[in-house]
Every structure is written in structure tokens, then in C-alpha cells.
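Subject: Structure for your review

Dear colleague,

Please find below the sequence and structure that I am handing over to you. My findings follow directly after it.

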Amino acid sequence: MDGIPLLFKYTVPDKLYEKFWEGLKKGEIYASRCKKCGSLYFPPQRDCNKCMSSDMEWVKLKEEGELMTFSIVKQKPQGFESFPDYTVAIVRNLDGVNLMCWVKGEPKVGKKVKLTTDGQRLICEVIE
């Protein structure tokens, strides 16, 4: 039985997250940090959930991490139907932030990875 095709279109507020999007284009990954309590957020947020402050700053995340878990995607979501099978993973970087990224290389839990981007998505390259 075929499912009903869905189309969901939204606009991301460019100015609010401009630093994040510009960072992705340069291969850099940014999070937001609360200046009041130090909580770190990825994806970036404009308000702190812990202390309710709106005094946030941008922080460039470290590029090394460890692969925590992964999944091979064979049944792709809408918009990704034309992609070949791909692997996504959760990586904990050296800042202690968990990031979901696409995997390059042979994934294995516990392996070291280098975090980068392809201009639009987070990429983790298995290095060890």
C-alpha cells in the first residue's frame, strides 16, 4: 500500500541563525552558550532552557569526537529518496555535545571521528 505523499515547507529565520549557517558553509560547527549559566546548546538556541536567560553567545565546537551509535538509512525520508543508502551517527565531541551527522568511512561504536560539514550537513569522518 502506498503512503500519502507529504510536502512540508518551512522558512528558517536566517538572521537569527546566520552564524550557524555561515559556519556550515565554511566547514565549521557552532553551538550557542548561555553567558549566565554556561549551558551549551546544539542545535543552537536563542534562549537558555535552564536559567531562562536570553544572553547567549556563539561557540565554535571542537572537531574531534567519538562515535556513540549509528544507523544505516535504507528507507529514506521525504526529500532524500534519490540518495543512495547512507549512514547517520550520534557523535559526542570533545566539548561533550552530542551531534547527529552523516558518516564517511566504516562506522564502529567507539571509533574516533573528525567533524566537518559539506556546506549543509554535519559530516563525521572515521579516523581511527
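By class, 19 nonpolar, five polar and two charged residues make up the lining of the largest pocket. Please bear in mind throughout that this is a predicted model.

The pocket itself has a volume of about 980 Å³. It is lined by 26 residues, of which Tyr10, Trp21, Phe80, Gln120 and Arg121 are the closest to its centre. Two elements, helix 1 (18–26) and strand 6 (98–104), give two or more residues to the lining. Of these, strand 6 gives the most, with five residues.

Strand 6 also matters for the packing described next.

The largest nonpolar core holds 17 residues, and the members that touch the most others are Leu99, Leu115 and Cys124. At least two residues of this core come from each of helix 1, strand 5 (86–93), strand 6, strand 7 (112–117) and strand 8 (122–126). The largest share, three residues, is supplied by strand 6. A further core of five residues lies apart from this one, and its members include Val73, Tyr86, Val88 and Trp102.

The contacts of Leu115 may be worth viewing in the display. Leaving aside residues up to four places away in sequence, Leu115 touches Ile29, Lys62, Glu63, Glu64, Val91, Asn93, Leu99, Cys101, Ile123 and Cys124. Two of the residues in that list, Leu99 and Cys124, are named with Leu115 as touching the most other members of the largest core.

As to annotation, the unreviewed UniProt entry assigns "domain: ChsH2 C-terminal OB-fold" to residues 58–117. Over that range the chain is 57% strand and 0% helix, and the C-alpha atoms at its two ends are 17 Å apart.

Finally, there are two points of backbone geometry in the loop between strand 2 (40–41) and strand 3 (56–60). Pro43 lies in this loop, and a cis peptide bond with omega of about 0 degrees joins Phe42 to Pro43. Met52 lies in the loop between strand 2 and strand 3 as well. Phi of Met52 has a positive value, near 65 degrees, in a residue other than glycine. Is Met52 buried or exposed? Met52 counts as exposed, because its relative accessibility is 64% and the cut-off for exposed is over 50%.

With kind regards

Terms used
Residues are numbered from 1 along each chain as its sequence is written. This is a predicted model: local features need pLDDT of at least 70, side-chain atom pairs count only at pLDDT 80 or more; totals for chains, interfaces and linings use all residues. Side-chain values use heavy atoms; hydrogens and water are left out. On a 1 Å grid over the protein atoms alone, a cavity is a set of points where a 1.4 Å probe fits but cannot get out, and a pocket is an open set with protein on both sides within 12 Å along at least five of seven lines; lining residues have an atom within 4 Å of a point. Grid points are joined across faces, edges and corners, and a volume is the space filled by probe spheres set on the points. Helices (H or I, at least four residues) and strands (E, at least two) are DSSP runs, numbered from the N terminus. Ala, Val, Leu, Ile, Met, Phe, Trp, Tyr, Cys and Pro count as nonpolar, Asp, Glu, Lys and Arg as charged, and the others, Gly among them, as polar. UniProt positions are given in the numbering used here, feature names are shortened, and annotations may be inferred rather than shown by experiment. A nonpolar core is a set of buried Ala, Val, Leu, Ile, Met, Phe, Trp, Tyr and Cys residues joined through side-chain atoms within 4.5 Å. Buried means under 20% relative accessible area, exposed over 50%, partly exposed in between (1.4 Å probe, protein chains only). Contact means heavy atoms within 4.5 Å.
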